[in-house]
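Subject: Structure for you to look through

Hello,

Here is the structure that I said I would pass on to you, and I would be glad if you opened it before reading the notes underneath.

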Amino acid sequence: MTAAVWSFVKLAGLSVLLAEAAARLGGGSLGFWDRRSRGPLGRFGLGYLLGLGLTGPALLGLALTGLYAPALVAALLVLMLAGSRDSWRRESVVLSAWRALRGRLPPEGAAFLALAAVPGLYALLVPEGEQDAFIYHLGLPWQWLEARRAVLTWVPAAFHLALPVDLGFTIPLLLGDDRLAKWMIWWHFWAATAVFLGVWRERAPERAPGSWLGTALVLTTGQSIGTVMVLMTRSKNDVAAAAFFVAGALLARKRAWALGAVLLGMAVAAKQV
């Protein structure tokens, strides 16, 4: 029992570290795409989405050159993170976003979101068991790691349609715990939520206390109750593509054309539907 609890605590801690690293990696490029200042929520949400959105294509380039060895993949990720200006920030990006969220959510909003999220949390603690996720979304990066390069022949064409997201799952595989892939998708949802809340705050400060209702509706509705919650606890690309789209569309409406276009492009690359 103690070992299981420690395993869950270590898993959650690793997921936070991954979210922090991704947000710092992507946050360093925010100034290149858009020079507007961003609050803690926007910096975390946009940084996380950009961080993982840029990691996938970088790993694809490494695989296409036949250099997809674990040591080289790790070296590339370290270099990318070290090269980001936000990597040297003293304050935690995730912690800053959490503080900003707590300051903007009324007690009833925080309680409702917590209750809405609880039913799916158990799925984050167990290994992936969904066939499509296990064979396809985790299977392709595992196969590439084994081959030390991109394997493009004798592989179903559909397996190559989600590469920007699926190659990000190389990180959990290298760390030896595929459950982290689920947490990466879970963080995609909250990154898009952070962008939504940040934009809402800028557009209508007087309505900000009620902005949590949008997230609550997404969590509790769908083809069946909890559809989104099921998808955000699976190692799949659906929620990641939706997160890129939501953030990109919001920024396009705010006339942040360059950054919005980049995120919308990532949405199309993540799931071509």
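Before we come to the spaces inside, one convention is needed: Ala, Val, Leu, Ile, Met, Phe, Trp, Tyr, Cys and Pro count as nonpolar, Asp, Glu, Lys and Arg as charged, and the others, Gly among them, as polar. Please also keep in mind throughout that this is a predicted model.

With that convention, the lining of the largest cavity has nine nonpolar, three polar and no charged residues. The search gave one cavity of 30 Å³ or more, and the space in this largest cavity comes to about 100 Å³. Its lining includes Leu52, Gly53, Pro164, Phe169, His188 and Phe244. Helices α3, α9 (163–166), α11 (179–203) and α15 each give two or more residues to that lining, and the largest share, three residues, comes from α11.

The second largest pocket holds about 360 Å³ of space, and among the 17 residues that line this pocket, Leu18, Ala21, Leu77, Leu81 and Ile171 lie nearest its centre. At least two lining residues are supplied by each of α1, α3 (40–64), α4 (70–82) and α10 (170–175), with α4 contributing the largest share, five residues. When the lining of this pocket is sorted by class, 15 residues are nonpolar, two are polar and none is charged.

Now to the charged side chains. Side chains of opposite charge can pair when their charged atoms come close. In the whole structure, seven salt bridges were found, and three of the pairs are described here.

In the first pair to look at, the side chains of Arg24 and Glu20 meet with 2.7 Å from N to O. Both residues belong to helix α1, where they are four residues apart, about one turn of the helix, and both Arg24 and Glu20 are buried.

The next salt bridge joins Lys236 and Glu130, at 3.8 Å from N to O. This pair links distant parts of the chain, since Lys236 is in the loop between α13 (227–231) and α14 (238–253), whereas Glu130 is in the loop between α6 (107–121) and α7 (131–137), 106 residues apart. Is Lys236 buried or exposed? Lys236 counts as buried because its relative accessibility is 15%, and buried means under 20%. Glu130, at 25% relative accessibility, counts as partly exposed. Lys236 and Glu130 also belong, together with Asp132, to a network of salt bridges.

In the last of these pairs, Lys271 forms a salt bridge with Asp238, and their closest N and O atoms are 3.2 Å apart. Lys271 lies in the segment after α15 (257–270) and Asp238 in helix α14, so this salt bridge ties together parts that are 33 residues apart in sequence. Lys271 is partly exposed, with a relative accessible area of 28%, and Asp238, at 21% relative accessibility, counts as partly exposed too.

Finally, please turn to the surface, where Val5, Trp6 and Val9 form a nonpolar patch with about 310 Å² of accessible area together. Val5 is found in helix α1 (residues 2–27), and with a relative accessible area of 42% this residue is partly exposed.

With best wishes

Key:
Residues numbered from 1 in each chain as written. Predicted model: local features only at pLDDT ≥ 70, side-chain atom pairs only at ≥ 80, totals over all residues. Heavy atoms only, no water. Patch = residues over 30% accessible without salt bridge, like charges linked within 9 Å, V, L, I, M, F, W, Y side chains within 5 Å. Areas by Shrake-Rupley, 256 points an atom, 1.4 Å probe, with all protein chains shown as cover. Salt bridge = Lys/Arg side-chain N within 4 Å of Asp/Glu carboxyl O. Buried < 20%, exposed > 50% of the residue type's maximum accessible area, 1.4 Å probe, protein only. 1 Å grid on protein atoms, 1.4 Å probe; cavity = no way out; pocket = protein on both sides within 12 Å on 5 of 7 lines; lining within 4 Å. Points joined across faces, edges and corners; volume = space filled by probe spheres on them.
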